[in-house]
Amino acid sequence: MDIVTGVGVLDKATHVLRAVAERPLSLQGLQSATDLPRATAHRLAVALEAHGLLRRDDEGRFDLGPELAALGRIASERFPLAGLALPVLEALRDDTGESAQLFVREGTHRRCVLSLQSPHALRWIVPEGVLFPLELGSAGRVLSAATTSDWVESVEEREPGVASVSAPVFAADGGIVAAVSVSGPIERLSRAPGAVYGAKVAAAAAEIAAVLGTDA
């Protein structure tokens with residue numbers, strides 16, 4: 001599991017939700033994805049279904065439920081960063097032709113709050129809501145304030161064959177509130193993705209910061 005809080009049932013339930021966020025899963029698939037005992041996986045999935053956090057699709061697999069959509073809308077209204085950044089990330093995705101993401105820091109991890117897929121058949125997909133450790137990947141280093149550069153690049157650091165470049169979104173007080181990223185296969189981004197897209201990613205991050213400042 002990504003995060004251990006000491007509240008075991010909550011940790012396991014969120015692990016189930018994150019597994020299903022990747023793709024709809026049968027009970028067997030859910031057990032395999034979470035490494036939970038079959039009875040535990042079934043009990044948690046059925047309880048989450050009762051609360052509307054999971055549902056069954058036409059094939060009987062567990063999928064994300066309608067209550068999550070309702071909570072997501074409320075969260076978006078209260079945390080407008082993703083909505084404000086969307087037009088900028090759309091322009092960045094269209095300009096580069098690569099997948100674009102927006103990450104925020106959560107403790108020792110980073111969460112993807114916005115993810116736009118490349119139009120290419122060969123692409124790197126980052127599901128919205130997914131949680132990654134800070135120590136791996138260009139966005140993680142940006143959010144850790146581990147560099148003073150305008151952008152940070154990463155090549156096969158977290159996944160083989162994948163390169164990325166990220167830039168910080170600064171708040172008015174100079175703190176880093178998010179990281180903008182472009183990611184994709186090394187075949188297109190090369191082993192020097194910063195030289196290819198660093199300036200464009202940094203410009204997008206600065207544009208989002210300006211929008212945040214205007215909205216504040």
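## Exercises: a serine, a hairpin and a cavity

A polar contact of 3.5 Å links the Ser154 and Glu157 side chains. Keep in mind that this is a predicted model.

**Exercise 1.** Work out whether Ser154 is buried or exposed, and what it touches.

*Solution.* Start with the location: Ser154 belongs to strand E6, residues 152-155. Next, take the accessibility. The relative value for Ser154 is 5%, and the cut-off for buried is under 20%. Ser154 therefore counts as buried. Now look for partners, skipping the neighbours within four places in sequence: Ser154 is in contact with Gly137, Ser138, Val162, Ala163, Ser164 and Pro193. To finish, add the side-chain link to Glu157, the polar contact of 3.5 Å.

**Exercise 2.** Find which strands pair with E3, and in what sense.

*Solution.* Take one partner at a time. With E8, strand E3 pairs in the antiparallel sense over 5 bridges; here Ser99 sits opposite Ser183. With E4 (residues 109-116), E3 is again antiparallel, over 7 bridges, and Val104 faces Arg111 across that pairing. Then check the connection: E3 and E4 make a hairpin with 2 residues between them. Have a look at the backbone of Gly107 in that turn, where phi is positive at about 60 degrees. One last step is to see how covered E3 is: 6 of its 8 residues are buried, so "mostly covered" is a fair label given the under 20% cut-off.

**Exercise 3.** How many cavities of 30 Å³ or more are there, and what lines the largest cavity?

*Solution.* Why roll a probe at all? A probe the size of a water molecule, rolled over the atoms, shows where empty space is left. The count here comes to 1 cavity of 30 Å³ or more. Its volume comes next: the largest cavity holds about 190 Å³ of space. It is lined by 20 residues, and those closest to its centre are Arg110, Trp124, Gly137, Arg158 and Ser164.

Now sort the lining of the largest cavity by residue class: 7 are nonpolar, 8 polar and 5 charged. Then sort by element. At least two lining residues come from each of strand E3 (99-106), helix H6 (138-143), strand E7 (162-170) and strand E8 (176-185). Which element gives the most to the lining of the largest cavity? That's E7, with 4 residues.

To tie things together, two of the residues closest to the cavity centre, Gly137 and Ser164, also turn up in the contact list of Ser154.

Note on methods. Residues numbered from 1 in each chain as written. Predicted model: local features only at pLDDT ≥ 70, side-chain atom pairs only at ≥ 80, totals over all residues. Heavy atoms only, no water. 1 Å grid on protein atoms, 1.4 Å probe; cavity = no way out; pocket = protein on both sides within 12 Å on 5 of 7 lines; lining within 4 Å. Points joined across faces, edges and corners; volume = space filled by probe spheres on them. Nonpolar A, V, L, I, M, F, W, Y, C, P; charged D, E, K, R; others polar. Buried < 20%, exposed > 50% of the residue type's maximum accessible area, 1.4 Å probe, protein only. Polar contact = N/O pair within 3.5 Å; in protein donor to acceptor, adjacent residues only side chain to side chain. Contact = heavy atoms within 4.5 Å. Pairing = 2+ DSSP bridges.
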